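User: I'm new to this structure and would like a close look at one part of it. Could you pick a spot and walk me through what sits around it?

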Amino acid sequence: MASEHAHGGRPRKQRETPLEDQGGCRATELFQVLGKAHMLDILHIFHSDPTPHRFVDIQDRLQISPNTLSERLRELVKAGLLTRTAYNEIPPRVDYSATQKALALAPVFESLTAWATVNDLRPLPAREPAAPHRRATQL
């Protein structure tokens, strides 16, 4: 039976290309990560208390499913914003800590919070349509 691929194996996994290499900006990449559900809530825990936090404590505080929390924490670790420490104990214990990279986001969160207290995301009221502009007629 012939293989579907010329190299005889499974298809090669495509490497993820950073957005800036695709002509995007780094802020877009940051907002793609932080824009996912619960990400800002998780990071807020570490900004309000930068000590290590256990998985179960984060879950209890945020009241989200273990699967969702696991996925979000894994993404934050992959992004270098958290570190994960697993202990060889029964029952298993896993702690997460904010990295310097995550703590450096504090001024960004403070600015966003300040903006959000002054502004909201409700649509602006509709404006009256402008009167049609009339051209002066020549005599």
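Analyst: Let's start with leucine 112, which counts as partly exposed because its relative accessibility is 40%, a value that falls between the 20% and 50% cut-offs. Keep in mind that this is a predicted model. You'll find leucine 112 in helix α6, which runs over residues 106–118.

What does leucine 112 do at the surface? Together with Phe31 and Val108, Leu112 makes a nonpolar surface patch of about 270 Å². To place one of its partners, Val108 falls within the 106–118 stretch of α6.

Leu112 also turns up in a second setting: it is one of the residues lining the second largest pocket. That pocket has a volume of about 210 Å³. Its lining is made up of Leu40, Asp41, Leu43, His44, His47, Ala106, Phe109, Glu110, Leu112 and Thr113. Which helices supply at least two residues each of this lining? They are α2 and α6.

So much for α6; now over to the other helix. Helix α2 spans residues 39–48, and its buried residues are Met39, Ile42, Leu43, Ile45 and Phe46. These five sit on the same side of α2, because they cover an arc of only 145° around the axis. The general idea is simple: an α-helix has 3.6 residues a turn, so residues three or four places apart point the same way. Leu43 is worth a second glance, as it is buried in α2 and also belongs to the pocket lining.

Step back along the chain from α2 and you reach histidine 38, in the loop between α1 (26–34) and α2. Histidine 38 has a positive phi of about 75°, although it is not a glycine. Is histidine 38 buried, partly exposed or exposed? It counts as partly exposed, because its relative accessibility is 29%.

Glutamine 63 makes a handy comparison. This residue, also not a glycine, has a positive phi of about 55°, and it lies in the loop between α3 (55–62) and α4 (66–78). With 64% relative accessibility, glutamine 63 counts as exposed.

One last backbone detail is worth a look while you're browsing the loops. Isoleucine 90 and proline 91 are joined by a cis peptide bond, with omega at about -5°. Proline 91 lies in the loop between β2 (82–87) and β3 (93–98).

To return to where we began: Leu112 is part of the nonpolar patch with Phe31 and Val108, and Leu112 helps line the second largest pocket too.

Conventions. Residues numbered from 1 in each chain as written. Predicted model: local features only at pLDDT ≥ 70, side-chain atom pairs only at ≥ 80, totals over all residues. Heavy atoms only, no water. Patch = residues over 30% accessible without salt bridge, like charges linked within 9 Å, V, L, I, M, F, W, Y side chains within 5 Å. Areas by Shrake-Rupley, 256 points an atom, 1.4 Å probe, with all protein chains shown as cover. Salt bridge = Lys/Arg side-chain N within 4 Å of Asp/Glu carboxyl O. Helix = DSSP H or I, 4+ residues; strand = E, 2+ residues; numbered from the N terminus. Buried < 20%, exposed > 50% of the residue type's maximum accessible area, 1.4 Å probe, protein only. Arc of directions from axis to C-beta. 1 Å grid on protein atoms, 1.4 Å probe; cavity = no way out; pocket = protein on both sides within 12 Å on 5 of 7 lines; lining within 4 Å. Points joined across faces, edges and corners; volume = space filled by probe spheres on them.
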